[in-house]
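Trainee: Before I trust any label on a model, I'd like to know what earns it. Can we go through this one together?

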There are 2 protein chains.
Amino acid sequence: MIYAAIMGYGTIGSGVFEVLEKNKDKIAAAAGQPIEVKYVLDLRDFPGTPVEDKVIHDFSVIEKDPEVQLVVETMGGLNPSYPFVKACLLAGKHVSTSNKALVAAYGTELLAIAREKGVNFQFEASVGGGIPVIRTMYRAMAGDKIQEITGILNGTTNYILTKMDQEGWSFKEALKEAQALGYAEQNPEADVEGYDTCRKIAILTALATGREVDYQEIPTEGITEICAEDLRYADALGLSVKLVGSSQVQGKDAMVWVAPLMVGKDNPLYGVNDVYNAVLIKGNMLGTSMYYGSGAGKLPTASAVVADMIEEAQNLNCHVSMGWSDEKLKVQPSDNSVYRYFLRISGKFEELHHAAEHYLGECRIALLEGLNEFAVLTEPMEKSAFEQARGRLSEMLAQSGDRIIQVIHAEA
Amino acid sequence: MIYAAIMGYGTIGSGVFEVLEKNKDKIAAAAGQPIEVKYVLDLRDFPGTPVEDKVIHDFSVIEKDPEVQLVVETMGGLNPSYPFVKACLLAGKHVSTSNKALVAAYGTELLAIAREKGVNFQFEASVGGGIPVIRTMYRAMAGDKIQEITGILNGTTNYILTKMDQEGWSFKEALKEAQALGYAEQNPEADVEGYDTCRKIAILTALATGREVDYQEIPTEGITEICAEDLRYADALGLSVKLVGSSQVQGKDAMVWVAPLMVGKDNPLYGVNDVYNAVLIKGNMLGTSMYYGSGAGKLPTASAVVADMIEEAQNLNCHVSMGWSDEKLKVQPSDNSVYRYFLRISGKFEELHHAAEHYLGECRIALLEGLNEFAVLTEPMEKSAFEQARGRLSEMLAQSGDRIIQVIHAEA
């Protein structure tokens, strides 16, 4: 019997308890012995529930109980999750967390403590909910050098973009529905501004390169400026708009960014809709593979936490390396990166498209009926070249009182 | 330093050597120490290549050398791979294989020997090439009960179906091109008759249920009867045709089959084209996830073999359980399973579609110009009910000299 404690009995924490109960036999077989929850740490009591007798309010009970070998952190935020997790690792306990904020901010330090203490700090559920992308990177791709990661890592924004596309809703309408369904917070900033995706691509980049990534260095753009017309133009061009986190490994560093990206039908991300997440990974030997599934949700996320617990139970006396060191990665500028660019330009197509192509080169054109504007999609070009052309085109348009309404980059 | 031997220096075997060389540093870090190939067993010599001095022709050299801890089997077939692998395991060596025929036929016995000897028998590359589906099942989904698997598991047939769909080629034309490109064998039977997919779904089902699956019990239908018209009708109905292996777990047993299946645009398998493979897995907690990538190819497959070797190096003194026991699974009949059915019916649509709907219930209809036939897609119905209706419809059609030209099942 291995004893566990769950810190934070909210959606995910109670999901972990549920998974451990429902799949008890299979989990015991995989872990080598049964896993039993001894404590549930929460500010609340849960009278009349199966955890009634396990609830404690004092963290030190867990910290000081040598019988507890596995600790689950599902409180979220940094305080008190950071001091609690650190104390558990220092006390020689294995910790599994679903908390991306904690991993993005303190992953390097917590992994170093785990290494030193010969225990494990695991966080499969922190990226992609139930999709086993982290385990895939350090287990299945252990012999591969990861060159590129592009992921739809936030279910809320993917839901919003899907509804704007399929139902023609505005961003505000889609957000409101997402909030009504519980997909988005009342303060949706972390999702719609891309901050959540930013922390997740930072974690994946650290695993891909073995180096610490400061998520605050990552250029991050959300979806608040995307409107229904953008999606209609995209559709006309055979593209769909996804909020992605992307990382291209360059030597020991990487070019990392978060922004809306237009992808074509040949890209496996094209058809990833609603709250689903998906991550494309390119390895130097494996080539491109994709991992797709529920990016959030009580039981999928809890299932990933339980997979961590099983791996910890299989490695009670051994730290499993994920190859994430304390060397620092420098996020590289994306000036030389090559994309296509989607632009919406105000004014009459007949009068302006030659000028647009004069600056941007040959383009694919899209028109929507009834709008005094048009859209173009450039050929692949370097970002620095595009920025120059964009500046010149803007100047030219200003002479007739016109302007570039929107710019979204598209895969090359 | 850990010493390895590669048995069979063909495409995959030489790929394993290449991956070990190219990603040497990362592999050493993940494995905890460098992995060095000591022997290459092959009937041929390879003068002037980097393995020149490692080539041996006598298997017993490997068997008797206690320094060799990891053995790779990439010979294919059953003889001598079966006796060689068995002897290696009995000699206390870890074995990794890419050989689905070996795993499907002798997996249970070889895993039992590995368990008894405290070593590992691994076979990630035997299903889905470079896609880490096996490791995902026993690692990432260790706490999940797998309920359903549906996979595009054969790249050759997926290439053929893609070309028939996108280029309008006949089956024969597409097969010829696949052979010219080296995707298909000169005797393509194993691919196009579904036998390869059959062995792979047998392996995945054994991992999902923990029970031995006799692949010879699995009803298997290939793609030789699919023609370009079927794909044109499918397109008109918003569907695409994929050869899948499918397994639905029912208690301790499973309903398993291999056949062409029509899937809709909402199914992540819909857009999986060319030689790519993809596997949908449904867990009782995780829900549906999908794994997509190169189903074959030298380096992707070799990368999967090397991931096995790294896991073996991390567990030199410990058998990692995949939960595959020697209990036998009984493949369940699919009479109660519910699908839609696609039928092509000869004769005039105007005269016959009422009769068709009389027997089959309300249907979606598709017509192609210039053909004296039409297609229908039924609502979801039980297989047994469909077979009855099909019989009656056939009798009725026979009266006017017409007939059912084609039947393909579609997801419900």
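What follows is a back-and-forth about the labels put on this predicted model.

Trainee: Let's start with confidence. How do you know that chain A can be read residue by residue?

Mentor: The model is predicted, and local features here need a pLDDT of at least 70. In chain A, 100% of the residues reach 70 or more, and the mean pLDDT is 95. So every residue of chain A clears that bar. For the complex, the predictor gives an ipTM of 0.91 and a pTM of 0.94.

Trainee: What makes the two copies related as by a two-fold rotation axis?

Mentor: Lay chain B on chain A: the operation is a turn of 180 degrees with a shift of 0.0 Å along the axis, and the RMSD is 0.0 Å. The copies are thus related as by a two-fold rotation axis.

Trainee: Which residue of chain B comes closest to that axis?

Mentor: Tyr291(B), whose C-alpha lies at 2.5 Å. In E11(B), Tyr291(B) is also the bridge partner of Tyr291(A).

Trainee: Why is E11(A) said to pair with E11(B)?

Mentor: Pairing takes at least two bridges between the strands. Strand E11 of chain A, residues 287-294, and E11(B) have 3 bridges, in the antiparallel sense. That meets the cut-off, so the two count as paired across the chains.

Trainee: How do you know that the copies meet through the same surface?

Mentor: Check the overlap: 98% of the interface residues of chain B are interface residues in chain A too, so the surface is the same on both copies. The contact takes 41 residues from chain B and 40 from chain A. On the chain B side, helix H2 (24-31), helix H6 (133-140), strand E11 (287-294) and helix H12 (298-314) each supply at least two residues. By class, that side has 22 nonpolar, 13 polar and 6 charged residues.

Trainee: Now inside one chain. Which domains does chain A have?

Mentor: The assignment gives domain 1 (2-130 + 299-314), domain 2 (140-294) and domain 3 (338-410). The centres of domains 2 and 3 of chain A are 25 Å apart, taken over C-alpha atoms. Their contact takes 12 residues from domain 2 and 11 from domain 3.

Trainee: Which elements make up the domain 2 side of that contact?

Mentor: Helix H11 (228-236), strand E8 (239-250) and strand E9 (253-264) of chain A each supply at least two residues. H11(A) gives the most, with 5 residues. By class, the domain 2 side has 9 nonpolar, no polar and 3 charged residues.

Trainee: Over to chain B. Why is strand E9 of chain B called largely enclosed?

Mentor: A residue is buried if 20 or more other C-beta atoms lie within 10 Å of its own. In E9(B), residues 253-264, 9 of the 12 residues are buried, so the strand is largely enclosed by the rest of the structure.

Trainee: Which strands pair with E9(B)?

Mentor: Strand E8 of chain B, residues 239-250, is one of them: 12 bridges join E8(B) to E9(B), running antiparallel. Leu239(B) stands opposite Gly264(B) there. The hairpin of these strands has 2 residues between them, and Gly251(B) takes a positive phi near 65 degrees. E9(B) is also joined to strand E16 of chain B, residues 404-410, by 2 parallel bridges, and Leu261(B) stands opposite His409(B).

Trainee: What makes E7(B) largely enclosed as well?

Mentor: It's the burial count again: 5 of the 7 residues of E7(B), residues 146-152, are buried, so the rest of the structure largely encloses this strand. E7(B) pairs antiparallel with strand E10 of chain B, residues 276-283, over 6 bridges, with Ile149(B) partnering Ile281(B). Another 4 bridges join E7(B) to E8(B), also antiparallel, and Thr150(B) stands opposite Ser246(B).

Trainee: One last label. Why are E3(B) and E6(B) called edge strands?

Mentor: Each of them pairs on one side only. They belong to an open sheet of 6 strands in chain B, in the order E3-E2-E1-E4-E5-E6, with parallel pairing. At the E6(B) end, strand E5 of chain B, residues 94-97, pairs with E6(B) over 2 bridges. The pairing cut-off is at least two bridges, so this pair qualifies. Val95(B) has Phe121(B) as its bridge partner in E6(B).

Notes: Residues are numbered from 1 along each chain as its sequence is written. Chains are lettered from A and ligands numbered from 1 in the order in which they are written. This is a predicted model: local features need pLDDT of at least 70, side-chain atom pairs count only at pLDDT 80 or more; totals for chains, interfaces and linings use all residues. Domain bounds come from an automatic or database domain assignment. Two residues are in contact if their C-beta atoms, placed from the backbone, lie within 7 Å. Ala, Val, Leu, Ile, Met, Phe, Trp, Tyr, Cys and Pro count as nonpolar, Asp, Glu, Lys and Arg as charged, and the others, Gly among them, as polar. Copies are superposed by least squares on the C-alpha atoms of residues with pLDDT of at least 70 in both. pLDDT is the predictor's confidence in each residue, from 0 to 100.
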